[in-house]
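Please work through the exercises below with the sequence and the model at hand, trying each task before reading its solution.

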Amino acid sequence: MTTYHLRSASPAKTRSDVVVVGALQSGKDVGLAAGAEDVAEAYGRKLRPLLSTLGFTGKPGEVLKLPTAGTISSPLLLVVGLGKDPGHVSVRRAAGAAARAISNASSVALALPADSPTLVRAVIEGFDLGGYTFTAYKRNGTKDAAAKSANTVSLLTGIARQQAALTAMEDALVVSQAVRDTRDWVNLPAADLRPPEFANAVAAAAKKLGRGAKVSTKVYDEEQLADLGCGGILGVGGGSSAPPRLVELTYNPSGAVAHLALVGKGVTYDSGGLSIKTAGGMTTMKCDMAGAAAVVQATFAIARLGLPVKVSAFAPMAENMVSGSAMRPGDVITQYGGTTVEVLNTDAEGRLILADALVRATELKPDVILDVATLTGHMVIALGDRVAGVLGSDDIVGGVLAAGDSAGEAMWPMPIPEAIVDRVKASQIADLLQHDGVRWGGGLFAAAYLREFTADLPWAHLDIAGTAFNSGGAYGHITSGGTGASVTTLVEYARSLIDQ
Ligand code: BES
Ligand code: ZN
Ligand code: MN
């Protein structure tokens, strides 16, 4: 377990196993960032030329280890690039890169730019997330991870004694814990996290929140889902030997100033069903429950922070598999609330489980509904794997984008063109058509489908198909595998409702 502290000590005089400072790219030169002044002075103005000699430019993600040979009181200096702009986004990423570069240090002193609560939060979040590892399946994993992670991390900052700085650090740790727990759930192999297990894990985690953070849970099993008429969840889950679930969470603080509903896609594995995926298309599909994990963990974080916002979260869970009881292309299902839908592609399953949950969310008449889903490959084609798409009511989309900005998560607005609505309604035999075979703009069609179930309430849909899972190497505070995408943004969005 790592403990974090704020200290106003000088990084030149502090005794830690490693001291971290930031470097800036300025023109062709490398500069030192705020926080590094005392270290630079201890080096007698020789640190910058030294970095240049070593070819260090200060670009984002660049790290360099220097033995200090008595120049400062700690034996090792880690310099990390911030790029050109030392704002909270680059500071968060650099702190993550620093965490990944440090091995076997029991005490770490961070002397990165941190002279405001926003920056304190960015450093702590970035460092704590960059140091994330998933070791559950390594023979000596727990032991190795414990040996590698620092016991004490001190953030050196001039505002160490201000309450706002302490609060920023404590809040950052609540959010980063939620992101870490989301990553854990996403990284679990699908065989070990099928809908009943996922639902149990959520209920158990809610119980453990403790101390004022009261989140109540209700789990609906397959029989209760049949009684409710949740045909989307039952249809998608029908091919699996593990039955589907719907988990509903409520955080209802006294004095709540707003009511936020969150809906997350919880497909614990997406084989495509009878409209089966290619072998390559299936390899990362354990991540298809990342939306559900994110809304659950965001709810936990909002509760632990004690934000005065009521949250109702809905996590429909199903495993999309192939068997004699699987849903067929051509079947008609009935969504919760009675809308009938002609299913033409069983691989467009996310919208079917989300629609049931969205209708349940509308029944509570919340002020805002946000849904989060690894919904379409189209969004990945459009925006790549580091930017999420946001679609829905203009003002809510704007609010989500602003929350993404302050969370340091890249998001981009996408439209729902009016002409698509006719295509969603084009079924010859049912009320709606789930999929019409047109490949272009599939992420927009999916959003148009979802909108049919929002009862015209203020709503936005976050398509995190690209951002939820990092199949490549780590960068900044984003490690390989599950990323915890959107958790921080959802918490920020809840915060923004308080100020309104
Ligand atoms: N879970 C996938 C979307 C996905 C793709 C998530 C890549 C993460 C990475 C979703 O259920 C799906 O299969 N979507 C189809 C929809 C199509 C059949 C309309 C897709 O994107 O091809
Ligand atoms: Zn899917
Ligand atoms: Mn699918």
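The exercises that follow treat two metal sites, the cysteines, a helix and the empty spaces.

This is a predicted model, in which local features need pLDDT of at least 70 and side-chain atom pairs count only at pLDDT 80 or more, while totals for chains, interfaces and linings use all residues. Residues are numbered from 1 along each chain as its sequence is written, chains are lettered from A and ligands numbered from 1 in the order in which they are written, and side-chain values use heavy atoms, with hydrogens and water left out.

**Exercise 1.** Find which residues coordinate the zinc ion (ligand 2), and state the geometry of its site.

Solution. Donors are N, O and S atoms within 2.8 Å of the metal (3.2 Å for Na, K and Ca), and water is not among the atoms, so sites may look incomplete. Under that definition the zinc ion (ligand 2) is held by Lys265 through NZ, by Asp270 and Asp288 through OD, and by Glu349 through OE, at 1.9 to 2.4 Å. Next come the angles: four donors count as tetrahedral if all angles lie between 85 and 135 degrees, four count as square planar and six as octahedral if opposite donors are over 155 degrees apart and all others between 65 and 115, and anything else is irregular. The 6 donor atoms of the zinc ion (ligand 2) make angles of 78 to 173°, and the site is octahedral. Along the sequence its donor residues follow the spacing K-x4-D-x17-D-x60-E. Lys265 sits in the loop between β10 (258-264) and β11 (266-270), and Asp288 in the loop between α10 (279-282) and α11 (290-305), so this pair ties together parts that are 23 residues apart in sequence. Here helices (H or I, at least four residues) and strands (E, at least two) are DSSP runs, numbered from the N terminus.

**Exercise 2.** Describe the site of the manganese ion (ligand 3), and say which residue it shares with the zinc ion (ligand 2).

Solution. The protein donors of the manganese ion (ligand 3) are OD of Asp270, both O and OD of Asp347, and OE of Glu349, lying 2.1 to 2.2 Å from the ion. Angles of 71 to 170° among its 6 donor atoms make this site irregular. The two ions are 3.1 Å apart, and Asp270 coordinates both. For the surroundings, buried means under 20% relative accessible area, exposed over 50%, and partly exposed in between (1.4 Å probe, protein chains only). Glu349 is buried at 0%, whereas Asp347 is partly exposed at 22%.

**Exercise 3.** How many disulfides are there, and are Cys230 and Cys287 buried or exposed?

Solution. Taking a disulfide as a pair of cysteine sulfur atoms within 2.5 Å, the count comes to 0. Cys230 is buried, with 0% relative accessibility, and Cys287 is buried too, at 4%.

**Exercise 4.** Decide how far helix α16 (residues 442-451) is enclosed.

Solution. Of its 10 residues 9 are buried, so α16 is largely enclosed by the rest of the structure. Among the buried residues are Leu444, Phe445 and Tyr449.

**Exercise 5.** Which helix gives the most to the lining of the largest pocket?

Solution. The lining of the largest pocket consists of 42 residues, of which Gly131, Tyr132, Thr133, Ser149 and Arg180 lie nearest its centre. A pocket is found on a 1 Å grid over the protein atoms alone, as an open set of points with protein on both sides within 12 Å along at least five of seven lines, and lining residues have an atom within 4 Å of a point. Helix α6 gives the most, with 9 residues.

Methods:
On a 1 Å grid over the protein atoms alone, a cavity is a set of points where a 1.4 Å probe fits but cannot get out, and a pocket is an open set with protein on both sides within 12 Å along at least five of seven lines; lining residues have an atom within 4 Å of a point.
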